[in-house]
Each structure stands twice: as structure tokens, then as C-alpha cells.
Amino acid sequence: MCGIVGYVGYREACPILLKGLKRLEYRGYDSAGVAVINKDGNLNVYKCKGKVSSLEEFLDGKDYSGNIGIAHTRWATHGEPSDRNAHPHYSQSGQIALIHNGIIENFRVLKDALIQNGYQFKSSTDSEVLVNLIEYIRKENDCCLSEAVRLALKQAVGAYAIAVIEKGNPDQIIAARQSSPMVIGIGEGEYFLSSDAASIIDYTNDFAYLNDGEIAIINKNKPLEIKTLENETSNLDIRHLELSISQLEKGGYPHFMLKEIHEQPNTIIDCIRGRINPDTAEVKLSGVELNKDKFLQAGRIIFVACGTSWHASLIGEHLIENLCRIPVEVEYASEFRYRNPIIRSNDVVIAVSQSGETADTLAAVELARKAGAFVYGICNAVGSSIARATDSGTYIHVGPEIGVASTKAFTGQVTVMAMIALAIAKEKGTISTERRQAIAKSLLELPQTIKKVLETDKMVADLSKIFTYAHNFIYLGRGYNYPTALEGALKLKEISYIHAEGYPAAEMKHGPIALIDAEMPTVVIAVPDHTYEKTVSNMEEIKARGGKIIAVIAQGDSHARKSADYTIEIPTTDECLMPVIVSIPLQLMAYYIAVYKGRNVDQPRNLAKSVTVE
């Protein structure tokens, strides 16, 4: 959620730190700050509430020189957004500065002990407790900074990614992680540090990934050293990451979200490239092929996910049960991890996360592994925590998703789930060759079909102007598109702040129909499928009560059009892939309503892109 950047080397640190913070702005934050050690060995901390641009203004005229520094954008957990709660935090003596992502759960106990030893606190944060604990241990044990950090973290309970620097020590950063992302960029005579490799990709493509319970001792002009909390040396996990800088820029679009909506023809190409043979329509996923016995013997498949990934998983449930005839359950990861679930050794648990760093989903992965289940990951971020913690998996390969409201990751996840279902169904013999080839052909045609859907952009934009007045929306869908209704409602909530709820269309009359009136717009997904006639009947029930209907329908569908006040006509594909097509006009509508309401589309209030705390 929060963003971390660090640098030690031969360049001026602050410009690198600020550039990195700007790359991390999409994650959501309420304050920003930097700490640098200048050539005289002095440790200077500058921080303020607000955006990185506010920090840049605050830095004007101040000494922020130096070749080593750490920087942070904070998303409030302990203490309100304010200058004093912003990071970095000084230790009481001013000798040490720390930045921290995550939550120290036992901070109150630690804080009380430090107060008894004469420490005073300026902020309301758990992070200031940690930096003072490090200082206290350093003095009491007369040890080096890295050892003080190790001993302090042995006492800390919770999640963290931290970076620490010390006055008079201009060549060293100490970093550590537990259930929160941290990568180290490796250059010639310099090192970079970040919670997201994308923020430092300008400078290097070689990254060392820290594992849980590891501490990095980063010294300029020395080899990188990784140790565990038990003071044992760890092997370096260095990976070469190819990432285009253009993927991190808006490319002429007013917002990342609109850019990412329009990227979807290309991201789906990248998602399926090399995985479907265009001549034979055979699906090849190495993660499935190398572990096919696990899937063939699975008594049950359990999806664990949060937010948009949970909605995609509901579609995955339909796909696998329909095509593979394996029982599927879809769980909120945050609930799964706490309700003592029954997990059997022949269960396959599929963890779905765009960032691969979602704290609840990562905890669910660990729970499933301990129970002996085979754990499969569906992620976007290469080298992410979930990608490394699972037994196997499939990347969706849709490129960096900067907008907080997920768009291309959702369609990429559904596409991957369809390919997984086809691969398993073939092995199980639960699908005919003709049916399997028809779906595979539709997958190959998805990019062109999406291009046609995107031609509705201007029409959806014009339609969206009408509904900026609304305070509530209902989204209805059935079958494969009930989850799409949930996802459409979530997009509207996230970025326009309009209350919206998604329901199975048939459930409307079991309560929600009481809300229907002329002021309550209803979005109905009425595309051709086996529930089409039922859905049109549900539309008539809404019309009879004076409701206003926006219907997403197939091109040329005159039947459903008669029951709607407004229509968005889209091309069709195989029924099981229609959620990919339907989701796009819903993404556009949410985007344009938010724009017309003057919302900050890419950085909606209170939200973060990667939820790395509970």
C-alpha cells in the first residue's frame, strides 16, 4: 500500500527518490517524505502531508544533497494523515531514520517498554516505535546497525518492509521484509530499493527479491548481503526483469485507467501468446501440464482472492465446473484465513492477485500449503510474493496496471482461467474436441472482438453524462455475468463514490426490487445465453416499477432493446467468455461518470493499489 524507495551509490539520491515516489503514486497515499545523509554525514529528514508535489515544494531551499537516502509515501494505518505521522521517522536521538510499510501488531507493548526507558514519541505511528526500538537495542548491546535491526525485528510481531539509515554512515542501508514487498535493484557501484520494481526500472533490470524474514545489508561498492532473522546467510535470488518505460506512462491518455481500458486488445494478445496454437487450438500451460496429476486427482478446487480478483474467481468457478466437472469453491482470502477451513491434501487452492502481494491472499496461500494442498498462483507481477510462495502458476502478462481500479488485470485473469479450464478439461476428457476448439478459437479472436467493443467509447461517454446525478445504482446479471455485474458495481463505487450493488438478476425480486424508482438506474447485462429470456423478464419487472434501465445487449438485439431506456450494444463471443466483453463498457461507464463528477480517477480516495496490510 505505502511506497518505499531507497538509493545508495555515486549519484545524487534525492532526484532518484522523488522520481521513484512519483512512480508509486498510483498505490494510494496521504503523505510523503525523504531522508538523506549529506557529505558531512548529517541525517536530514523532510516530510509533509499531501502529494509528492507538496514534498517537492517543501524541499525548496533545503539541503537535500547526498548520495544515500530513503523515501516513502504513506497510507495511514496508525494515526491520521499529518506531517508528524508522515515517514521517515527519526529515532529519539536523531541518529537513525526509518521508513516502514505494514503494521507492527505488538507496538503498544513495545512502546510502553520504551517509555519506561525514557523514550518519548512525536507521532501516533507504530513505525516510530520500531525505529526507537532499533536505537535502544543498538545502544544497549553496543552493536552495529544491521544487528540492532535484526534483534528489533525478532521482537516485532506483524507485517513490515523497512529501510533504515544512520547518521555518519553514508554508505549503508539496512532493509528487511515480512509479508510486505521489497526488491533491491543492483547496479554498478550502486543499489536501489523499492516496494515495486517499476519505480526503479529506469536504472536497472537486475533485482534481488527479499523473502519473508530476511534482512539486506546494502553497502555501496560491496556485494549485497542477505541474512535471516536467525543470523544465517541467505542465497541471493536475482532476476532480470524486462519492463518497458512506456508501460509506466500515460501515452497521451488523460488517465492511466482509460489507457489501460484501451490497452486490452493488446494485453489479451500478450496473455494468450504462445499458449494457444492457432492451427490446432491446443492450449499449452506449463503450470498445468507439469502438475496435471494434481488437477486430475483434485477432489475440489478452491479459489482464494480479494476484490476484483474475487469476481474473476467467480467466473473461474463457472468455467471449471462447467468444462472440467470439478467442484469449485470461491473464498474471500480475508475470511478463509481466519475461519479454520477444511483443506484436504487432494485440494487444489488457486490464489488470484494482480500484484501478487495481497496480504490476505498471501496468508491464505501459507495456510493452504501448511495443510498439504497443492497451491497454484494466478498473478500479474513477475517475481511477486505469491508467485514465489505457490507451488506453480500462470502469469497473466498484461503489463503494469497503474490505475487503482483494476481493468486489464480482470480481463487477463478471466482469460487465463478459461485457458486453465480448457487444459484441465482436455486431460480429464470432460469436453468434446469440437467444443474445446470452439472456445479456443473464440479466445484467439478476443483481441479483435474487444477492439469492436471499444468503438462504443464515445457513445458510453455521452450516456454517462446523464447519470452523474445518481446516488445509487443496481447492476444485474445471470450465469457467467452475475460476477460481471458485481465487478461493474465495484468499478463505479471505487472511482465515482456512487453507491452501487451487483445482484443475480433473479434475486432482485427477493428484496432489492423495493429500491426501484425513477431515481435508481439499473444496469442489466442481457446478452445471449441460456438465461437470456429470464433476464429480459426481469427487465420488464423493473420497467413496471418506473425504473430506468441501461441494458448491455448484443448488437442488433431488438427484443431486449424494447425493455430498456438506454442500450449499449456489443459484439458477442462464446457464452463462457462474454464476461471479458461485457466488462469493458462497464469499465468505460464507471470511468466517464467519475470524470464528469470531477473525481481523481487513478487515485480514488481511501484506496490503495496493492493491499499489503490486513
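How many bridges join strand 20 to strand 21, and do the two run parallel or antiparallel? I began my notes on this predicted model with that pairing.

**Entry 1. Strands 20, 21 and 22**

I found six bridges between strand 20 and strand 21 (residues 499-504), and the two strands run parallel. As a reference pair I noted Y475, whose bridge partner in strand 21 is G502. I then followed the chain from strand 20 through helix 17 (residues 482-496) to strand 21 and recorded a right-handed β-α-β crossover.

I next looked up the pairing of strand 20 with strand 22 (residues 521-526), which is also parallel and consists of three bridges. Here I noted L476, with V524 as its bridge partner in strand 22. Strand 20 (residues 472-477) is mostly covered, for I recorded five of its six residues as buried.

**Entry 2. T522**

I placed T522 in strand 22. Is T522 buried or exposed? Its relative accessibility is 0%, so I entered T522 as buried. Setting aside residues up to four places away in sequence, I listed its contacts as I474, L476, I516, I542, K548, I549 and I550. One of these, L476, is the residue I had already noted as the bridge partner of V524.

**Entry 3. The eight-stranded sheet**

I traced an open sheet of eight strands in the order 3-2-4-1-10-9-11-14, with antiparallel pairing. I marked strand 3 (43-49) and strand 14 (238-240) as its edge strands, since each pairs on one side only. On average, and with direction ignored, neighbouring strands of this sheet are turned by 20° against each other.

At the strand 3 edge, I found seven bridges to strand 2 (residues 31-37), which runs antiparallel to strand 3. Within this pairing I noted V34, whose bridge partner in strand 3 is Y46. I also looked up helix 2 (residues 52-59), which packs on the sheet and touches strand 2, strand 3 and strand 4. The direction of helix 2 makes about 135° with that of strand 3.

**Entry 4. Helix 1**

Why did I enter helix 1 as largely enclosed by the rest of the structure? Eight of the eleven residues of helix 1 (residues 13-23) are buried, so I judged the term justified. I listed the buried residues as A13, C14, I16, L17, L18, G20, L21 and R23. Their cover includes strand 1 (3-8), strand 2, helix 2, strand 4 and strand 10 (191-194).

**Entry 5. R150**

I located R150 in helix 5 (residues 145-155). The relative accessibility of R150 is 12%, and because buried means under 20%, I entered this arginine as buried. Leaving aside neighbours within four places in sequence, I found R150 in contact with I215, T228, L229, E230 and N231.

**Entry 6. Helix 7 against helix 15**

At what angle do helix 7 and helix 15 pack? I recorded about 170° between helix 7 (residues 264-272) and helix 15 (residues 433-454), with their axes 8 Å apart. Helix 7 is therefore roughly antiparallel to helix 15.

From helix 7, I listed Q264, P265, I268, I269 and I272 as the residues in this contact. From helix 15, I listed L443, L444, L446, P447, I450, K451 and L454. By class, I counted ten nonpolar residues, one polar and one charged in the contact.

**Entry 7. Backbone exceptions**

I closed with a search of the backbone, because most residues other than glycine have a negative phi, and most peptide bonds are trans.

Where is there a cis peptide bond? I found one from H87 to P88, with omega near 0°. P88 belongs to the loop between strand 4 (68-74) and strand 5 (89-90).

I then noted R325, which has a positive phi of about 55° although it is not a glycine. R325 is in the loop between helix 10 (307-324) and strand 16 (328-332), and I entered it as exposed, with a relative accessible area of 58%.

H397 likewise is not a glycine, and I recorded its positive phi as about 55°. I placed H397 in the loop between strand 19 (392-395) and helix 14 (408-428). With a relative accessibility of 35%, H397 counts as partly exposed, whereas R325 is exposed.

Notes
Residues numbered from 1 in each chain as written. Predicted model: local features only at pLDDT ≥ 70, side-chain atom pairs only at ≥ 80, totals over all residues. Heavy atoms only, no water. Axes fitted to C-alpha atoms, helices over the stretch in contact; angles between N-to-C directions. Helix = DSSP H or I, 4+ residues; strand = E, 2+ residues; numbered from the N terminus. Parallel < 35°, antiparallel > 145°, perpendicular 65-115°, else oblique. Contact = heavy atoms within 4.5 Å. Nonpolar A, V, L, I, M, F, W, Y, C, P; charged D, E, K, R; others polar. Buried < 20%, exposed > 50% of the residue type's maximum accessible area, 1.4 Å probe, protein only. Pairing = 2+ DSSP bridges. Right-handed = clockwise from strand over helix to strand, strands pointing away.
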